[in-house]
Amino acid sequence: MTASQQDIQAQLAALRNSYLLRLQQDWPEITAQAGQLLDESNTGWQSIAKTLKQRFHTLAGSAGTFGMPQLGQQAKALEMELDAWLNGGGRPETELKQQFLHMVQELSHHTSNKPEASAAPLFQPVDDEFTRKAHIAIFSKDADLGKQLTSAMDPFGHQVDSFQEFDALKAALTSDRPDVLILDMSGNRLPQGMKSLLQQLLIDEQSSMVLFIVGKKESFNHYLTAVRLGAGGYFIKPLDAAAIELRIQRLLTQRQQARFRILIVDDDVMLAQHYQLIIEQAGMEAKVVNDPTKMLIGLQGFQPDVILLDVNMPDCTGPELAQIIRFKDEWLGVPIVYLSSETDSQRQLDALVKAGDDFISKPITDQALAVTVFARAQRARQLAEMMTRDSLTGLLQHATVKERLSDEIAKAKRSKQELIVVMLDLDHFKRVNDQYGHLVGDQVISSLANLLQQKLRKTDVIGRYGGEEFLLALPDCSLQKAKSIIDGIRQSFQAIPFSGQEQSFQCTFSAGLARVDTSQSTDENIDRADQALYQAKHNGRNRVELA
Ligand SMILES: Nc1nc2c(ncn2[C@@H]2O[C@H](COP(=O)(O)OP(=O)(O)OP(=O)(O)O)[C@@H](O)[C@H]2O)c(=O)[nH]1
């Protein structure tokens, strides 16, 4: 358990203590109200019944979360009984007394504090030092395969260690875990001990190593064998280096993603704090809004991936809040999950029809809460990414990259920092398509996209502007510095070997750079970079020109 995990455990225990304390303080009042309710001479019993029903409702939704599921169930039964009573179904006094006694007994069991079991993080926290360069290990009896992979991955800056002997691989993996292990199973039996080594490596929580299998052919049985070994990718010979690189880039991008952000809207301060701790413990970021009328402010600054909404709150209900959220186009894609002790299925369905995507019934176990929220957030991120990203390269699409450039121009205007816009176009690309086919052409495009992502900063904007044309925005960068960066990428790119039908070939690009003039429009700035690109083509291609 890490220091921060221990800290969360301590906070959870403290919170549970406070909850118990509050319950013990409230207990005499609840008991007194129950006494008044059972007193037949009391004519104002209806309003007391309503108050108590609300109290039991809250207790039903929270006691389970704080480790007292029995108490929660008893409160739920009492809530339902009071509900029936209020709706004219007689006065089951003796039964109520009996149930109340059970509840008191149950509460006295919980005066000692048992720590909750800890949930392992579902999401590895972002490593600030993380780069887009991967460490790859390949195990193959075929030494040439290792060599091919090394030369294909070198331009991307990936380090490849090649192994032909199992013992050497085992020793290396024990001391230094790679990001990706490529296992060549084409025509080879797995060496003795490999299966258990893989199990050990892939189960390790601290390790994020991914296994790729190189198989003989593509078939369901081959895929199944790979999956059962724990593989995250399957390739056949001859290795398509561009496809492997793309897969590695996706993995690295996934790891570099910011943590999922969850907004919790619940008027119960302690319960909301408990959910927050559980979500943070699972490696996500959580923000609590206790006052539903302040939810819009919470949304603006936080940009959540998922909103967890309590259903019953004073001033405004969960479904009403959900409908307000849906007024704004920018929040249309954010999943809304209701969190409520509501067990009336018709009311749950009504809430979903109004707005919202799912219902979680309180009490929910900590692990189920973390996993449900995580799965929702993951899916929402994937969909949001797909909507703005080009499917071949994973880069921003034409309209989005232009929008992002406009944002950067506005930022540069405020900060008075230099901003460079780059237009980049593959040379003689029509010939590549004509000679090697469209699929190979696609591999060239995605390799260039990967290289750009890998060599540029996280703050740089990279988009696929047209078929074989890319638009970049490099903030806080001088024109000369930008020229040397793009020229470095140009040199790396021309060194990448692509496999054509029989021979391998190389490809180049030309680029035009312009320093952004913040008094000009986005289109005018792009035009100047485009004119420089035209100049680069005119001057012989495979070069970088400045506007
Ligand atoms: N494979 C593939 N080809 C594409 C894609 N988008 C555009 N192209 C091709 O890219 C080629 C671009 O050709 P041109 O604009 O004539 O330019 P070029 O041959 O690259 O020559 P220069 O730019 O003058 O160096 C066309 O043949 C398009 O079909 C794509 O997504 N995949």
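Analyst: Let's start with a definition: two strands pair if DSSP finds at least two bridges between them. Please also keep in mind that this is a predicted model.

User: Thanks! Which residue in β13 is the bridge partner of valine 422?

Analyst: Strand β11 covers residues 419–426, so valine 422 falls inside β11. This strand runs antiparallel to β13 (residues 469–475), and 7 bridges join the two. Within β13, valine 422 is bridged to leucine 472.

User: And which residue in β16 stands opposite methionine 423?

Analyst: β11 also has a partner in β16 (residues 509–515), again antiparallel and joined by 7 bridges. In β16, the residue facing methionine 423 is glycine 512.

User: How many of the residues of β11 are buried?

Analyst: Let's take the two faces in turn. In a regular strand the side chains alternate between the two faces of the sheet. On one side of β11 we find Leu419, Val421, Met423 and Asp425, on the other Ile420, Val422, Leu424 and Leu426, and all of these are buried. The strand is mostly covered, and its buried count is 8 of 8.

User: Which domains give residues to the largest nonpolar core, and where does it lie?

Analyst: This core has 79 residues, and those with the most contacts inside it are Val422, Ala511, Leu513 and Ala529. β11 contributes the most to it, with 7 residues. Because residues of this core come from both of two domains, it lies between them: domain 2 (135–256) and domain 4 (398–546).

User: How many residues are in the other core, the one that lies apart from it?

Analyst: Look for Ile8, Leu271, Tyr275 and Val306, which are among its members. This second core lies apart from the largest one, and its size is 37 residues.

User: Is β3 largely enclosed or not, and how many of its residues are buried?

Analyst: Val180, Ile182 and Asp184 sit on one side of β3, with Leu181 and Leu183 on the other, and both faces are covered. Strand β3 (residues 180–184) is largely enclosed by the rest of the structure, because its buried residues number 5 of 5.

User: Which residue in β4 is the bridge partner of leucine 181?

Analyst: β3 is paired on more than one strand, so let's name both. With β1 (residues 135–139) it runs parallel through 4 bridges, and there isoleucine 136 is bridged to valine 180. With β4 (residues 210–215) it also runs parallel, through 5 bridges. In β4, the partner of leucine 181 is leucine 211.

User: Is histidine 57 buried or exposed?

Analyst: Histidine 57 is located in helix α2 (residues 45–62), and an unreviewed UniProt entry annotates His57 as "modified residue: Phosphohistidine". Leaving out residues up to four places away in sequence, histidine 57 touches Glu79 and Ser341. A residue needs 20 or more other C-beta atoms within 10 Å to be called buried. Histidine 57 has 22 such neighbours inside 10 Å, so it counts as buried.

User: What about glutamine 300, is it buried or exposed?

Analyst: Glutamine 300 belongs to helix α11 (residues 295–302). Its C-alpha atom is separated by 9.8 Å from that of tryptophan 331, which is 31 residues apart along the chain. The cut-off for an exposed residue is 12 or fewer C-beta neighbours within 10 Å. Glutamine 300 has 10 inside 10 Å, so it counts as exposed.

Technical notes
Residues are numbered from 1 along each chain as its sequence is written. This is a predicted model: local features need pLDDT of at least 70, side-chain atom pairs count only at pLDDT 80 or more; totals for chains, interfaces and linings use all residues. A nonpolar core is a set of buried Ala, Val, Leu, Ile, Met, Phe, Trp, Tyr and Cys residues joined through C-beta atoms within 7 Å. Domain bounds come from an automatic or database domain assignment. UniProt positions are given in the numbering used here, feature names are shortened, and annotations may be inferred rather than shown by experiment. Two residues are in contact if their C-beta atoms, placed from the backbone, lie within 7 Å.
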